[in-house]
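Let's take a walk through a protein fold, one strand at a time. Have a look at the picture first, then read on.

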Amino acid sequence: NAINQAIEYAGNNGVVYIPEGKYLVSSSMSSNLDESKRYVAIGVYQKENLKIILSPKAHIKHSVLPLEEIVTFKTARYYPLGIISSSNITVDGGIFEGEADEHVELYKDNADAFWWQADGTYSRGHGYGICIRGSDHVTIKNTEVFNVFGDAYHISLSSKGKSNFITLENCVGHSSTRQGL
């Protein structure tokens, strides 16, 4: 999408501005994608010194995942914004909306959209509003994340290592199945 193209164009040491507006984004679970890029709608991959400045009225909405992908890949994971294996990244502003309402409604009557996991639990997938994996010196500020079928904000490790020096400032997560980190 255009936002990912702007991030790639900005490269390292760049700034990306996202103006007011509603942006519908989607991710793919395609096994043809590198694992770090799977599930991510807007991706910051292996970047350094990048700033993403969003208007306070820039609304990033993740579309509901296609049922056929859910059944095929046995997952419904998604990240409207993923920061993966990157350093010195700032995201300032914006509203990030998941698809929890649509997720529950679409999949509730389809047994194939639910599966037993290896640990013995039953799942119907999850999402993360803003996901930071294997990155360091990341600042997220002035953001709102809601309606996510999972965590509003998620910080974890990746195959490249753990996340360090992560700052969340003036961030709000609400109306999701899990509100916080």
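Start with S7 and strand S12 (residues 136-141): they run parallel and are joined by 5 bridges. Two strands count as paired here if DSSP finds at least two bridges between them. Strands are DSSP runs (E, at least two residues) and helices are too (H or I, at least four), numbered from the N terminus. One bridge to look for goes from Ile-89 to its partner Val-138 in S12.

Before going further, keep in mind that this is a predicted model: local features need pLDDT of at least 70, side-chain atom pairs count only at pLDDT 80 or more, and totals for chains, interfaces and linings use all residues. Residues are numbered from 1 along each chain as its sequence is written, and side-chain values use heavy atoms, leaving out hydrogens and water.

S7 also pairs with strand S4 (residues 48-54), again in parallel, with 5 bridges between S4 and S7 (residues 87-92). Glu-48 stands opposite Ser-87 in S7, and Ile-52 stands opposite Val-91. How many of the residues in S7 are buried? The count is 5 of 6, so S7 is mostly covered, where buried means under 20% relative accessible area, exposed over 50%, and partly exposed in between (1.4 Å probe, protein chains only).

Now zoom out. These strands belong to an open sheet of 5 strands, in the order S1-S4-S7-S12-S15, with parallel pairing. Strand S1 (15-18) and strand S15 (164-169) are the edges, each pairing on one side only. On average, neighbouring strands of this sheet are turned by 5° against each other, direction ignored. Helix H1 (residues 2-10) lies across S1 and S4, running at about 155° to S1. Such angles run from 0 to 180 degrees between N-to-C directions, with axes fitted as lines to C-alpha atoms (for helices, over the stretch in contact).

Another set of pairings centres on S11. Here they are side by side:

| Strands | Sense | Bridges | One bridge pair |
|---|---|---|---|
| S6 and S11 | parallel | 4 bridges | Leu-81 and Ile-130 |
| S11 and S14 (residues 150-156) | parallel | 6 bridges | Arg-133 and Ser-156 |

S11 is mostly covered, with 7 of its 7 residues buried. Ile-130 sits in this strand (residues 127-133) and is buried at a relative accessible area of 1%. What does Ile-130 touch, not counting residues up to four places away in sequence? Its contacts (heavy atoms within 4.5 Å) include Leu-81, Phe-96, Ile-140 and Tyr-153. Ile-130 and Ile-42 are 88 residues apart in sequence, and their C-alpha atoms are 9.7 Å apart in space.

Ile-130 is also among the residues with the most contacts inside the largest nonpolar core, which has 29 residues; Ile-7, Leu-50 and Ile-52 are others on that list. A nonpolar core is a set of buried Ala, Val, Leu, Ile, Met, Phe, Trp, Tyr and Cys residues joined through side-chain atoms within 4.5 Å. Leaving aside neighbours within four places in sequence, Leu-50 is in contact with Ile-7, Val-16 and Ile-89, among others.

Next, the loop between strand S6 (79-84) and S7 holds Ser-85. Ser-85 is buried, at 17% relative accessible area.

Finally, the cysteines: Cys-131 is buried at 0% relative accessibility, while Cys-171 is partly exposed at 23%. A search of the whole structure finds 0 disulfides, meaning pairs of cysteine sulfur atoms within 2.5 Å.
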